[in-house]
Amino acid sequence: GEGAERGRDLQGLRVVVSAGGTREPIDPVRFLGNRSSGRQGVAVACAAADRGAEVTLVAAHIDANVLAAASVSPRVRVVRAGTAAELGDAVREAAVGADVVVMAAAVADYRVAEVSAHKLSKEQADGPEVSLHLVQTEDILAGLASGRAPGQTIVGFAAETPAPDETLLERGRRKAVRKGADLLAVNRVGWAEGFEVDVNALLVLDRRGELVAEARGDKRAVADALWDGIRKIRAER
Ligand code: CTP
Ligand code: CA
């Protein structure tokens, strides 16, 4: 099958994959999170390892059974990260000397400006409404893209819910150009698509927004197609 055909075509590559959803604390018992299960990122990490790469998986919050699949691979080293800031630090450290960095993690765009040292209570509230003051997190992917070493390939993921008046491709193109990564893998999400499921559909765009690869299938098939796209653009440079 296709797996055998690809063989160990990533042997000798050092890769970093971030996966799962970050959790931004509100107080000691609460956080702001997202629905990422980590499945697609873990599939990207395992596909690379199976094809011979040495992989560092920077794992934000990932379903335990999903993470267990990655932990059995001898070529996957797992580093844990909780918040966007921790993930950024872990990815940058692992990225030193890496050939490819894939940011598949669902990174919080905002964090709580001041995390409460004690559990917030309704007793302290003035009434039935409460506000959280949020501030933007750093854009880890954009930082990696602008600071990349020669020969290093930076890949992002974008989960999109396109508006009715634009296609997934149009929306993905704008983000690909804005991010500056070598590749952006764009997939459609919704209440019933993309998360916690095993199938996925993906458009892989280069930094000019050109379509490099397209994949549909289970998350492993999509991961293999992404690595084909990564190999292709690395070979072209
Ligand atoms: N990303 C990141 N750091 C952030 C936010 C996102 O590195 N603070 C990365 C993600 O891991 C992903 C890519 O950027 O690889 C695209 O994420 P996405 O949320 O689609 O991009 P944003 O720029 O945050 O755009 P949006 O406002 O649509 O959420
Ligand atoms: Ca975002």
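Visitor: Which pocket is the space taken by ligand 1?

Guide: In this predicted model, the space taken by ligand 1 is the largest pocket.

Visitor: What makes a residue part of the shell around ligand 1, and how many residues surround the ligand?

Guide: The cut-off is a heavy atom within 4 Å of the molecule, and 16 residues surround ligand 1, the closest being Met103, Glu138, Leu141, Lys175 and Lys179. By class, eight residues of this shell are nonpolar, two are polar and six are charged. Helix H5 (140–146), strand S9 (153–160) and helix H6 (168–179) each supply at least two residues of the shell.

Visitor: Why is the pair formed by Lys175 and ligand 1 called a polar contact?

Guide: A polar contact is a pair of N or O atoms within 3.5 Å, and an N or O atom in the side chain of Lys175 is 2.6 Å from an oxygen atom of ligand 1, so the pair qualifies. A backbone N or O atom of Met103 also lies 2.6 Å from an oxygen atom of the ligand, while an N or O atom in the side chain of Thr137 is 3.2 Å from a nitrogen atom of ligand 1; both pairs therefore meet the cut-off as well. The protein covers 79% of the 570 Å² of accessible area that ligand 1 has on its own.

Visitor: Which residues does UniProt list for "binding site"?

Guide: The unreviewed UniProt entry lists Asp109, Lys119, Phe157, Lys175 and Lys179 under that name.

Visitor: How do you know whether these residues gather at one spot or do not?

Guide: They span 71 residues in sequence and their farthest two C-alpha atoms are 37.9 Å apart, so they do not all gather at one spot. Of the listed residues, Asp109, Phe157, Lys175 and Lys179 are included in the lining of the largest pocket, and Phe157 lies in strand S9.

Methods: Residues numbered from 1 in each chain as written. Chains lettered and ligands numbered in written order. Predicted model: local features only at pLDDT ≥ 70, side-chain atom pairs only at ≥ 80, totals over all residues. Heavy atoms only, no water. Polar contact = N/O pair within 3.5 Å; in protein donor to acceptor, adjacent residues only side chain to side chain. Areas by Shrake-Rupley, 256 points an atom, 1.4 Å probe, with all protein chains shown as cover. 1 Å grid on protein atoms, 1.4 Å probe; cavity = no way out; pocket = protein on both sides within 12 Å on 5 of 7 lines; lining within 4 Å. Sits in = over half its atoms within 2 Å of the grid points. Helix = DSSP H or I, 4+ residues; strand = E, 2+ residues; numbered from the N terminus. Nonpolar A, V, L, I, M, F, W, Y, C, P; charged D, E, K, R; others polar. UniProt positions renumbered as here; feature names shortened; annotations may be inferred.
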